[in-house]
Amino acid sequence: MKEFRYIQLFDAYGPLLTEHQRDVCELYYMCDLSLTEIAEQKGISKQSVSEVLAKSRQLLDEYEEKLHVLRTRKTLEEVKKRLTAFFEKYPQFSDEFNKILAEFKEQEE
């Protein structure tokens with residue numbers, strides 16, 4: 001799979017890209033098309049596709065650097081794992097655990 005990190009970044013920040021950037025990224029990352037296939041489909045040069053992808057990656061990296069959505073998701077996943085381990089060890093707190101887990105699930109929606 002192509003550059004999983006950028007797929008995650010695209011998922012988080014794709015709406016912040018231009019429509020053209022989103023289209024090219026979607027074809028490249030989600031549809032797994034080659035640069036040549038994208039160029040033919042979009043009616044642009046292979047070099048243009050490469051430049052759009054490079055600019056999009058730069059923007060996605062900048063958004064993550066400023067907004068930290070992926071880092072926050074990763075931190076929350078780690079917290080959930082640690083809470084799960086804690087409450088497996090101390091089942092008497094399961095009611096509290098279920099409340100906390102429900103709050104996490106609400107935030108994800």
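**View 1. Lys80 and its contacts in the predicted model.** Beyond its neighbours within four places in sequence, Lys80 is in contact with Leu101, Phe104 and Glu108. This is a predicted model, so please read every close-up here with that in mind. Lys80 is found in helix α5. Its relative accessible area is 17%, and since buried means under 20%, Lys80 counts as buried. Lys80 also appears among the residues that line the largest pocket, the subject of the next view.

**View 2. The largest pocket and its lining.** Here we look into the largest pocket, which holds about 180 Å³ of space. Its lining is made by Arg73, Leu76, Glu77, Lys80, Phe104, Gln107 and Glu108. Two elements, α5 and α6, each give two or more residues to this lining. Which element supplies the largest share of the lining? That is α5, with four residues. If you are coming from the first view, you will recognise Phe104 and Glu108: both are contacts of Lys80, and both line the pocket.

**View 3. Helix α5 and its two faces.** Helix α5 covers residues 69-89, and its 21 residues should span 30 Å at 1.5 Å a residue; the end C-alpha atoms are indeed 30 Å apart, in agreement with that value. Within α5, the buried residues are Leu70, Lys80 and Phe87. Why do these three belong to one side of the helix? They cover an arc of only 115° around the axis, and this puts them on the same side of α5. On the face turned away from that buried side you will find the exposed residues Arg71, Lys74, Arg82 and Lys89. The packing partners of the buried residues are α1 (4-13), α4 (46-67) and α6 (94-108).

**View 4. Val69 at the start of α5.** Zoom in on Val69, which is found in helix α5. With 28% relative accessibility, Val69 counts as partly exposed. Setting aside neighbours within four places in sequence, Val69 is in contact with Ala12, Tyr13 and Glu64. A separation along the chain is also worth a look: Val69 and Gln8 are 61 residues apart in sequence, while their C-alpha atoms are separated by 9.8 Å.

**View 5. Helix α4 and its buried face.** Helix α4 has 22 residues and reaches 31 Å from its first C-alpha to its last, close to the 32 Å expected at 1.5 Å a residue. Its buried residues are Val49, Val52, Leu53, Ser56, Leu59, Leu60, Tyr63 and Glu64. Seen down the axis of α4, these residues fall within an arc of 135°, so they line one face of the helix. For a reminder of the geometry behind such a pattern, an α-helix has 3.6 residues a turn, so residues three or four places apart point the same way. What covers the buried residues of α4? The cover includes α1, α2, α3 and α5. Exposed residues Gln47, Glu65 and Lys66 sit on the face turned away from the buried side. Glu64 links this view to the previous one, as it is buried in α4 and in contact with Val69.

**View 6. Two residues with positive phi.** This close-up pairs His68 with Asp32, two backbone positions to check in your own torsion plots. Most residues other than glycine have a negative phi. His68 follows α4 and lies in the loop between α4 and α5. Its phi is positive, near 60°, in a residue other than glycine. At 25% relative accessibility, His68 counts as partly exposed. Asp32 is found in the loop between α2 (19-30) and α3 (35-42). Asp32 is not a glycine either, and has a positive phi of about 60°. Is Asp32 buried or exposed? Its relative accessibility is 51%, so Asp32 counts as exposed.

**View 7. Cys25 and Cys31, two cysteines without a bond.** A disulfide is a covalent bond between the sulfur atoms of two cysteines. Why is Cys25 not bonded to Cys31? The sulfur of Cys25 is 12 Å from its closest cysteine sulfur, in Cys31, which is too far for a bond; a disulfide needs the sulfur atoms within 2.5 Å. Viewed from the other end, the closest cysteine sulfur to that of Cys31 is in Cys25, again at 12 Å. The count of disulfides is therefore zero by the 2.5 Å rule. As for their surroundings, Cys25 is buried, with a relative accessible area of 0%, whereas Cys31 is partly exposed, with 43%.

Methods
Residues are numbered from 1 along each chain as its sequence is written. This is a predicted model: local features need pLDDT of at least 70, side-chain atom pairs count only at pLDDT 80 or more; totals for chains, interfaces and linings use all residues. Side-chain values use heavy atoms; hydrogens and water are left out. Buried means under 20% relative accessible area, exposed over 50%, partly exposed in between (1.4 Å probe, protein chains only). The expected span of a helix is 1.5 Å times one less than its number of residues. The arc is that of the directions from the helix axis to the C-beta atoms. Contact means heavy atoms within 4.5 Å. On a 1 Å grid over the protein atoms alone, a cavity is a set of points where a 1.4 Å probe fits but cannot get out, and a pocket is an open set with protein on both sides within 12 Å along at least five of seven lines; lining residues have an atom within 4 Å of a point. Grid points are joined across faces, edges and corners, and a volume is the space filled by probe spheres set on the points.
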